[in-house]
Amino acid sequence: MVALNRIYTRTGDAGTTGLVTGERRPKNDLRVEAYGTVDETNAFIGMARLETAKLEGPLDAMLARIQNDLFDLGADLATPPTEKPVKYEPLRVVDSQVERLEREIDQLNADLQPLRSFVLPGGSPAAAALHVARAVCRRAERVTVALAAAEAVTPAAVRYLNRLSDFLFVAARWVNDRGQADVLWTPGQNR
């Protein structure tokens, strides 16, 4: 278990941070950017939950599980694979977490009508917040894909982020009165 007795350490004052392995990396390193953007995604989901907690149905519990998963994902990304023997089994995102997201997407999507246009972010406060979380999640995915091109990343980590952005899109539609309150894009409307 994690014990945080001291919040500041001054070890990052020179622009580096420590990974779980003890290795120091610059704070603008792709690995740090990846888990930092996952943390940002988690924070925006927390903001969305201020609205989804008011709603009936399974969504808020789903989002609570996702927030926990995102801490797993952050730990995964903060622990690069190493050839050195380790004293513990590194926490990794696993396929069952991705599969759960797929089931939950299907569960929420079953209540929605098929789309006939792209959806503009908005409609309700909960949907708008979920769309922001989705956009940040897409950025986390892009950074993680860039990281995976440069060094080893757990394959399920990229899949999880890809599926999570899909989940957040479907969840935003679901809270918009099951898609009835979606704001649809009208191409060229303001020409």
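Biologist: Is Lys-54 buried or exposed, and how do I read that?

Modeller: Start with the cut-off: a residue counts as exposed when its relative accessible area is over 50%. Lys-54 has 63% relative accessibility, so it counts as exposed. Keep in mind that this is a predicted model.

Biologist: Which residue does Lys-54 form a salt bridge with?

Modeller: To call a salt bridge, look for a side-chain nitrogen of Lys or Arg within 4 Å of a carboxyl oxygen of Asp or Glu. Here the partner is Glu-51, and the closest N and O atoms are 3.4 Å apart. Glu-51 is partly exposed, at a relative accessible area of 25%.

Biologist: How many salt bridges turn up in the whole structure?

Modeller: The search finds 15. Let's take a couple that are worth clicking on.

Biologist: Okay, what about Arg-163: which residue is its salt-bridge partner?

Modeller: That's Glu-102, with the closest N and O atoms 2.8 Å apart. The pair links distant parts of the chain: Arg-163 sits in helix 5 (residues 155-175) and Glu-102 in helix 3 (residues 95-109), 61 residues apart. As for cover, Arg-163 has 18% relative accessibility and counts as buried, while Glu-102, at 31%, counts as partly exposed.

Biologist: And Arg-138, what does it pair with?

Modeller: Arg-138 forms a salt bridge with Asp-166, and their closest N and O atoms are 3.4 Å apart. Arg-138 belongs to helix 4 (residues 125-150) and Asp-166 to helix 5, so this pair ties together parts that lie 28 residues apart in sequence. Arg-138 is partly exposed at 29% relative accessibility, and Asp-166 is partly exposed with a relative accessible area of 29%.

Biologist: Which residues are joined into one network by salt bridges that share partners?

Modeller: Follow the shared partners and you get Arg-25, Asp-29, Arg-31 and Glu-151.

Biologist: Now for polar residues away from the surface. Is Asp-69 buried or exposed?

Modeller: Buried means under 20% relative accessible area. Asp-69 comes in at 6%, so it counts as buried. You'll find Asp-69 in helix 2 (residues 59-77).

Biologist: What does Asp-69 touch?

Modeller: For contacts, skip residues up to four places away in sequence; Asp-69 then touches Gln-97, Arg-100 and Tyr-160.

Biologist: Where is Asn-42, and what does it touch?

Modeller: Asn-42 lies in helix 1 (residues 30-52). Leaving out residues up to four places away in sequence, Asn-42 touches Gln-67, Leu-70 and Phe-71. With a relative accessible area of 6%, Asn-42 is buried.

Biologist: How should I read a nonpolar surface patch, and which residues make the one here?

Modeller: Look for nonpolar side chains that remain accessible and lie within 5 Å of each other. In this model Phe-118, Leu-120, Val-183 and Trp-185 make a nonpolar surface patch of about 390 Å². Take Leu-120 as one of them: it is in strand 3 (residues 119-120) and is partly exposed, with a relative accessible area of 35%.

Biologist: Last one: which residues does the "coiled-coil region" annotation cover?

Modeller: An annotation comes from a record, and you can set it beside the model. The unreviewed UniProt entry gives "coiled-coil region" for residues 91-118. In the model, that span is 54% helix and 0% strand, and its end C-alpha atoms lie 37 Å apart.

Methods. Residues are numbered from 1 along each chain as its sequence is written. This is a predicted model: local features need pLDDT of at least 70, side-chain atom pairs count only at pLDDT 80 or more; totals for chains, interfaces and linings use all residues. Side-chain values use heavy atoms; hydrogens and water are left out. Patches are made of residues with over 30% relative accessible area and no salt bridge: like charges are joined within 9 Å, nonpolar side chains (Val, Leu, Ile, Met, Phe, Trp, Tyr) within 5 Å. Accessible areas come from the Shrake-Rupley method with a 1.4 Å probe; for residues, only the protein chains shown count as cover. Helices (H or I, at least four residues) and strands (E, at least two) are DSSP runs, numbered from the N terminus. Buried means under 20% relative accessible area, exposed over 50%, partly exposed in between (1.4 Å probe, protein chains only). Contact means heavy atoms within 4.5 Å. UniProt positions are given in the numbering used here, feature names are shortened, and annotations may be inferred rather than shown by experiment.
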